[in-house]
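Trainee: I would like to practise reading a model by asking what stands behind each label. Could you go through this one with me?

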Amino acid sequence: MEDSDDLGELAEGVATGSLLEARQVETADRDLEQATVGGPTHPLRRVRSLALGGTLRGAAVRLRVREGAPRLPAAIDHTLLLNELAQEYVARSPRSAALNERATRSLVDGGSHALRLIEPFPPRIASAKGAYVRDEDGHEILDFWQGHYANLLGHNPEVVTTALARAFEAGVGLQTGLTDRLEVETAELLCERVGAERARFTTSGTLATMYAILLARASTGRSLVMKVGGGWHGAQPWGLVGVGFGSQDAPFQGADSEGLSAAVRGEVVVTPFNDPDRLSDEFRRVGDRVACFIVEPFVGSGAGMPASPEFLHAARELCDRHGALLIFDEVISGFRFRAGDAGALFGIRPDLACFAKVIGGGMPVAAVAGRADVLELAGRTKGRRVRFSGGTYSAHPASLLAAKTMMSHLVAHEGEIYPRLSSLGAKVRAAVEGAFAAEGILARCTGRGNGVLPDSPVNMLVFPRRASSPLRGPQDTRNPAVCDVALGEEVVQLALLLEDVHVVHGLGTVTAAHTEADVERLGEACCRVARRFRYTLNKRRV
Ligand SMILES: Cc1ncc(COP(=O)(O)O)c(C=O)c1O
């Protein structure tokens, strides 16, 4: 082993009962000479192709090394376990397998969103109601992904489906290309609940963050966009920089897509989440060129944890001092902790805020809301300087009906829904962490409240390499030296699917449709998965 620090960490892993086992470490270190996880040689792609060829064989598939592949410190090779899980999965899902084969002939990788395209193939969903989805093979799957966290009331809640059914029954709901009362009423409701002077609707969170950034750049006449390393704001040009962890020396510094211009890459400044000192340093360095700092009050896909009040207050103060705009990306946090924005709980008003997911009630609705003088840059009084005005399907009638119905329902039932979601989220954390701890495996759920944001219904499950590892944000949860990222992402997902439980990023969200019995079921499933992990490790030790 080349790096003696790795050994220290790994030994501590054994001592603290985490997944790091001395024998496995030796094997893993040797395997790393031959293996890299992911990429075109992903083992589960091989399992899938064996299944589809009709000859599912049990042989473990060795990964081949890519030239110059980085060595991850203390990385564990989960190939054998993944293969074992995938073979069981393939055997129990023949219809999804067949559909997947068809899908890959017309769709890239068989679908349209990478997070849905689980390896070796995703369960193809036939129906969805409440906390559950049913797949083509008849599995009733307890779902914690819930429409990318959009379904705060669970799948297809009656309050929304009834409103839509009535509209369609009355012969309305499809796009007219004109405007109506519904658009006015939905905008009034949104503005009132999020303390905004103006709003404009669009169809996705991605477009909302892109327009917000354009508005900020036009308003300030500056070009730099500051964002948090690992923060996801959708696949728009500035959002595609600093998402993937990259290297230990320079985390979150790369572009996450080819095809971006060098100019865009150079316009993004990345700073760590929940680190007010580094934020202050960055503003000192380039503050006079920063158009905006875009940040989530609850960082979603990168870590699933709240911003500290110190961090967000520093952000507000630094933006003001340096003449930059503060944009809250509330695509995940909006209407998640209360029937309105999360920024209000911090007592902070951003210049602009972006909303999507929950506000759409399961339909594609997003909005930029905030200061009138900034949003008016898209309006005729300011010469329509920012082209935030397109979108054939923006303010779509059926979508806005779902949005207005959903937001009104959340406002009317705020006192019941949110405290219950928070308490269920805490129960999920206790059940999941407890299940892994019982098998001596160190696991942490990230969505704990911080005194400003309550305990979150959204949780990410991570496997820290040390009990003492700080988990401050994506800089820790996505760092393979701090957490076993592959275990939390891929292995847990497949293992839980075999238990008819669907999670993404290790876990996901509870909704108003989840019950205590569902949380118990999740806990029991995690117990079996944890036992399986422990058993696999012990088997390897023999
Ligand atoms: C915080 C955040 N911002 C923006 C987006 C992009 O939203 P959409 O997927 O609706 O384009 C997402 C999507 O997951 C998100 O989590």
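Trainee: What makes S1 and strand S2 (residues 132-135) a pair?

Mentor: A pair needs at least two bridges, and S1 and S2 have four bridges, in the antiparallel sense. They therefore qualify as paired strands. One bridge to look at is that of Ser127, whose partner in S2 is Arg134. Keep in mind as we go that this is a predicted model.

Trainee: Which sheet do these strands belong to, and why are S1 and S16 said to stand at its edges?

Mentor: The sheet is open and has four strands, in the order S1-S2-S3-S16, with mixed pairing. Strand S1 (125-129) and strand S16 (501-502) each have a single partner strand, so one side of each is left without a neighbour in the sheet.

Trainee: What does "pairing" stand for in chemical terms?

Mentor: Strands of a sheet pair through backbone hydrogen bonds, either parallel or antiparallel.

Trainee: Which strands make up the seven-stranded sheet, and in what order?

Mentor: The order is S4-S12-S11-S10-S7-S5-S6, in an open sheet with mixed pairing. Strand S4 (198-202) and strand S6 (268-271) are at the edges, because each has a single partner strand. From one strand to the next, the twist averages 20 degrees.

Trainee: How do you know that strand S7 (residues 290-295) and strand S10 (residues 325-329) pair?

Mentor: The cut-off is at least two bridges, and S7 and S10 are joined by four, running parallel. The pair is therefore established. Ile294, for instance, has Ile327 as its bridge partner in S10.

Trainee: Which strands does helix H8 (residues 181-194) touch?

Mentor: Helix H8 packs on the sheet and touches S4, strand S11 (352-355) and strand S12 (366-370). The direction of H8 makes about 55 degrees with that of S12. Helix H11 (residues 276-286), in turn, lies across strand S5 (224-228), S6 and S7, and runs at about 155 degrees to S6.

Trainee: Why is Gly370 called buried?

Mentor: A residue is buried if 20 or more other C-beta atoms lie within 10 Å of its own. Gly370 has 28 such neighbours, so it counts as buried. Gly370 sits in strand S12, and beyond four places in sequence it touches Ala196, Pro350, Asp351, Leu352, Ala353 and Leu375. Gly370 is also 8.0 Å from Cys191, C-alpha to C-alpha, although the two are 179 residues apart in sequence.

Trainee: Why are Asp109 and Asp500 called partly exposed?

Mentor: The class in between buried and exposed lies below 20 neighbours and above 12. Asp109 has 16, so it counts as partly exposed. Asp500 has 19 and therefore counts as partly exposed too.

Trainee: What makes the backbone at Asp109 and Asp500 worth a look?

Mentor: Most residues other than glycine have a negative phi, and most peptide bonds are trans. Asp109 has a positive phi of about 60 degrees, and phi of Asp500 is near 60 degrees, also a positive value. Asp109 is in the loop between H5 and S1, while Asp500 is in the loop between helix H18 (485-497) and S16.

Trainee: Where is there a cis peptide bond?

Mentor: A cis bond joins Glu119 and Pro120, with omega about 5 degrees. Pro120 is found in the loop between helix H5 (94-106) and S1.

Trainee: Which residues come nearest to the ligand?

Mentor: Ser204, Gly205, Thr206, Gly234 and Val331 come nearest, out of 16 residues around the ligand. Helix H9 (residues 205-220) supplies the largest share of that shell, three residues. By class, the shell has five nonpolar, nine polar and two charged residues.

Trainee: How confident is the predictor in the protein?

Mentor: The average pLDDT is 88, and 86% of the residues score at least 70. Residues 1-41 stay under 50, and so do residues 50-74.

Trainee: What do the totals for the protein look like?

Mentor: There are 19 helices and 17 strands, and 51% of the 542 residues are buried. Among contacts between residues at least 6 apart in sequence, 74% join residues at least 24 apart.

Technical notes:
Residues are numbered from 1 along each chain as its sequence is written. This is a predicted model: local features need pLDDT of at least 70, side-chain atom pairs count only at pLDDT 80 or more; totals for chains, interfaces and linings use all residues. A residue is near a molecule or strand if its C-beta atom, placed from the backbone, lies within 6 Å of it. Helices (H or I, at least four residues) and strands (E, at least two) are DSSP runs, numbered from the N terminus. Ala, Val, Leu, Ile, Met, Phe, Trp, Tyr, Cys and Pro count as nonpolar, Asp, Glu, Lys and Arg as charged, and the others, Gly among them, as polar. pLDDT is the predictor's confidence in each residue, from 0 to 100. Two residues are in contact if their C-beta atoms, placed from the backbone, lie within 7 Å. Axes are lines fitted to C-alpha atoms, for helices over the stretch in contact, and angles run from 0 to 180 degrees between N-to-C directions.
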